[in-house]
Amino acid sequence: MTPSSLLATSAVRAAPALIGWRLRFRKQEAVIAETEAYQGLADRACHASKGRTPRTDVLFRESGTVYVYLCYGMHWMLNLVCDEIDEPAAVLIRGVEMPGSDPRRSNGPGKVTRQLGIDGKLNGTRLGEALELLPPLAPSPRLRRGPRVGVEYAGPRWSAKPWRWWRNGFPVVRPDLRPPPEQ
DNA sequence: CTCTAGATCTAT
DNA sequence: TAGATCTAGAGG
């Protein structure tokens, strides 16, 4: 499994598969521990549901493109673009684990980028340039899943989708969230 | 041009 | 539970 084949599929399939893969940036290494999928024009939680705009353009590009945007005026969100060209989809990196670092320093999307020193300059670059994606070193961990965080604005149909995954035992923020009864 | 909401985090 | 901080996108 190569980084390109991993991402050349829907975000809903790529997001759980990415857990355990490693990100390398400026000599730092981080193991992906929590992800969320944003899939397609129909997904009201996905920025691309607003259409192709200057901001969402990167989502329509080739898988392996890096999408970074500023949230709440102060937090950078790191995403990896998935799926085919012109099919907007991305996985949000919500949590990582770094050797010798308290995981509570990197268990949220804003914390991830702050910890690694990632900002908007990475937006539109491709994996392999500044940011690298490397295969797991350990066997696939057991995963847990639940609804995405902070997307209530998308309406109940989309905010209830259990499109968030994390490594069992990872100290996720908002552990109060439970998977919906059915989807 | 103005206005508003937002894929969050931290301290209170 | 509120405040920080700022920009894309929508509306006039």
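# Notebook: two DNA strands and the loop before β3

**DNA strand C**

I began at G73, where a polar backbone atom lies 3.5 Å from a sugar or linking oxygen of DNA strand C. Before going on, I noted the ground rules: this is a predicted model, in which local features need pLDDT of at least 70 and side-chain atom pairs count only at pLDDT 80 or more, while totals for chains, interfaces and linings use all residues. Residues are numbered from 1 along each chain as its sequence is written, chains are lettered from A and ligands numbered from 1 in the order in which they are written, and side-chain values use heavy atoms, with hydrogens and water left out.

I call such an N or O pair a polar contact when the atoms are within 3.5 Å; within protein, one must be able to donate a hydrogen and the other to accept it, and residues adjacent in sequence count only if both atoms are side-chain atoms. Y72 has a polar backbone atom 2.4 Å from a base oxygen of DNA strand C. T53 uses its side chain instead, placing a polar atom 2.4 Å from a phosphate oxygen of this strand.

Next I listed the surroundings of DNA strand C: T53, P54, R55, T56, Y72, G73 and M74. Here a residue is near a strand if one of its heavy atoms lies within 4 Å of it. By class, I found three nonpolar residues, three polar and one charged. For these classes, Ala, Val, Leu, Ile, Met, Phe, Trp, Tyr, Cys and Pro count as nonpolar, Asp, Glu, Lys and Arg as charged, and the others, Gly among them, as polar. Looking from the DNA side, 55% of the strand C atoms within 4 Å of the protein belong to sugar or phosphate, and the rest to bases.

**DNA strand B**

Which residues are closest to DNA strand B? I found H75, N79, G110, R114 and Y153, out of 22 residues that surround it. Of the strand B atoms that come within 4 Å of the protein, 55% are sugar and phosphate.

Two side chains took me to the bases: a polar atom of H75 is 2.7 Å from a base oxygen of DNA strand B, and one of N79 is 2.5 Å from a base nitrogen. R94 took me to the backbone of the DNA, with a polar side-chain atom 3.4 Å from a phosphate oxygen of strand B. I then checked which elements give two or more residues to this surface, and they are β3 (66–71), β4 (75–81), β5 (89–97) and α3 (109–116). Helices (H or I, at least four residues) and strands (E, at least two) are DSSP runs, numbered from the N terminus. The largest share, four residues, comes from α3. I tallied eleven nonpolar, seven polar and four charged residues near DNA strand B.

**The β3–β4 hairpin**

β3 and β4 run antiparallel and are joined by six bridges; two strands pair if DSSP finds at least two bridges between them. Y69 faces M77 in β4. Three residues separate the strands of this hairpin, and Y72 in the turn has a positive phi of about 55°. I also noted that five of the six residues of β3 are buried.

**The loop between β2 and β3**

Is T56 buried or exposed? T56 counts as buried because its relative accessibility is 2%, with buried meaning under 20% relative accessible area, exposed over 50% and partly exposed in between (1.4 Å probe, protein chains only). T56 sits in the loop between β2 (28–39) and β3. Its side chain reaches the backbone nitrogen of T53 at 2.8 Å, and a polar atom of that side chain is 2.7 Å from the backbone oxygen of G51. Beyond four places in sequence, T56 is in contact (heavy atoms within 4.5 Å) with H47, A48 and G51.

H47 belongs to the loop between β2 and β3 as well. I looked at its side chain and found a polar contact of 2.6 Å with that of Y67.

**D119**

D119 is in the loop between α3 and β6 (131–134). At 22% relative accessibility, I have D119 down as partly exposed. Its side chain makes a polar contact of 2.7 Å with the side chain of K121. Leaving out residues up to four places away in sequence, D119 touches V68 and W76.

**Confidence**

Last, I looked up pLDDT, the predictor's confidence in each residue, from 0 to 100. Chain A has a mean of 94, and 95% of its residues reach 70 or more. Over residues 179–183 the value stays under 50.
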